[in-house]
Amino acid sequence: MLEQMGAAAKAASYKLALLSSREKNRVLEKIADYLEAQSQQILLANEQDLADARNNGLSEAMLDRLALTPARLKSIADDVRQVCNLADPVGQVIDGGLLDSGLRIERRRVPLGVIGVIYEARPNVTVDVASLCLKTGNAAILRGGKETWRTNAATVNVIQQALEECGLPAGAVQAIESPERALVNEMLRMDKYIDMLIPRGGAGLHKLCREQSTIPVITGGIGVCHIVVDDSAEIAPALKIIVNAKTQRPSTCNTVETLLVHQGIAQTFLPALSKQMAESGVTLHADENALALLKDGPAKVEVVKAQQYDDEYLSLDLNVKVVADLDDAIAHIRTHGTQHSDAILTRTLRNADRFINEVDSSAVYVNASTRFTDGGQFGLGAEVAVSTQKLHARGPMGLEALTTYKWIGFGDDTIRA
């Protein structure tokens, strides 16, 4: 089955690479229209997936990731239309010039070819990946989690209808519908057809892909994100940022999981934090020093376990640790962070500069919420992933991250001396 899918995707990628921006936008507009016109079949499939997920004891955080509503589906369709408005990077000349040999050289952006994406209970990823891949002339093979197989199948069916309506092969966007785990292992070795693999899921999936894949892998999406509150921070603005970073949508990878509070501000800041977290329904997990200042407050608080510093809660839970200084905070982030998104709340320029220069994450913030690490928020349109590695792409991956380049030489019967 996968062999046939791979061959179909590779054949489709050759056709997609030749499309003009206008032709690609026409496909995307058709997909957006079809997602809205046929929303009932997608929402019905999603209800069935949700029912099974609840019966199987899936957590509330995962149920939130899985759930589609009419409003969410409309937002997804609107995101596809937004991609139409983005500049097409394919064909862009990055640089070049005339060489001493008389050869005129240029470096031009081209599609990668076939993108494979493995993801869990995020049905919006299906459309995000499809739209970005089509805009950049890439075919896509998608393998969603077993929790979303009906939703993904219904969504891809709608996308394929739009493709065929525009005279393009359905193989341009395909989904592996079977939940069999063995198919993931088979997909990891499809280097004959797939040019880049993006896993979007937990640490176990990332480890499997890094160890078993024969295809170049872009890893990311695991966010053990931190906010540092230094001793110059103003309490009211800091609390506003923390509430947003923790509660705006707790199940996302850019949600803050650990708060590092400077000891010089802890005595006044932590009681205020307790009051705010109680109002927001957040449970605190505190180290010994923080616990002493939080135990009499209104927020639910318990002793933090060492392993919790390394985990994504994806829920209304927040670690709180008192740190001696900025060095202590940076050391903690280097030990427990995942190079995703980290922030400092400060009124000291020197501390802000140090944090920017010394915290090696794909996104760092000064006096802002970590929730901004998102392709749409960064002006990239829909994102295919958030990369936390350093080669090829880093941070939210938009259109340019789905291209490579080729060198082109123009001569006038030019030969090498």
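In this predicted model, the largest pocket has a volume of about 1000 Å³. Its lining comprises 42 residues, and those nearest the centre of the pocket are Arg122, Asn124, Arg249, Thr252 and Asp374. By class, the lining of the largest pocket divides into 16 polar, 14 nonpolar and 12 charged residues. Helices H4, H5 (70-85) and H6 (123-135) each contribute at least two residues to this lining, with H5 giving the largest share, five residues.

Arg249, one of the residues nearest the centre of the largest pocket, also takes part in a salt bridge. Its partner is Asp64, and the closest N and O atoms of the pair are 3.3 Å apart. Arg249 sits in the loop between helix H10 (235-247) and strand E8 (256-262), while Asp64 belongs to helix H4 (residues 60-66), so the contact ties together parts that are 185 residues apart in sequence. Both partners are partly exposed: Arg249 has a relative accessibility of 27%, and Asp64 one of 24%.

The second largest pocket has a volume of about 380 Å³. Here the lining consists of 21 residues, with Arg109, Gly398, Leu399, Glu400 and Ala401 nearest the centre. Nonpolar residues number 11 in this lining, alongside six polar and four charged ones. Strands E2 and E16 each supply at least two lining residues, and E16 gives the most, with three.

Two of the residues nearest the centre of this second pocket, Arg109 and Glu400, are themselves paired. They form a salt bridge in which the closest N and O atoms are 3.3 Å apart. This pair links distant parts of the chain, 291 residues apart: Glu400 lies in the loop between strand E15 (395-396) and strand E16 (403-410), and Arg109 in strand E2 (residues 104-111). The two partners fall into separate accessibility classes. Arg109 is buried because its relative accessibility, 14%, is under the 20% limit, whereas Glu400, at 44%, is partly exposed.

Turning to the structure as a whole, the search finds 23 salt bridges. Side chains of opposite charge can pair when their charged atoms come close. A pair within a single helix is provided by Lys275 and Glu279, whose side chains meet at 2.9 Å, N to O. These two residues are four apart in helix H11 (residues 263-280), which means that about one helical turn separates them. Glu279 is exposed, with a relative accessible area of 55%. Salt bridges also join into a network, linking Asp33, Glu36, Lys74, Asp78 and Arg81.

Note on methods:
Residues numbered from 1 in each chain as written. Predicted model: local features only at pLDDT ≥ 70, side-chain atom pairs only at ≥ 80, totals over all residues. Heavy atoms only, no water. Salt bridge = Lys/Arg side-chain N within 4 Å of Asp/Glu carboxyl O. Buried < 20%, exposed > 50% of the residue type's maximum accessible area, 1.4 Å probe, protein only. 1 Å grid on protein atoms, 1.4 Å probe; cavity = no way out; pocket = protein on both sides within 12 Å on 5 of 7 lines; lining within 4 Å. Points joined across faces, edges and corners; volume = space filled by probe spheres on them. Nonpolar A, V, L, I, M, F, W, Y, C, P; charged D, E, K, R; others polar.
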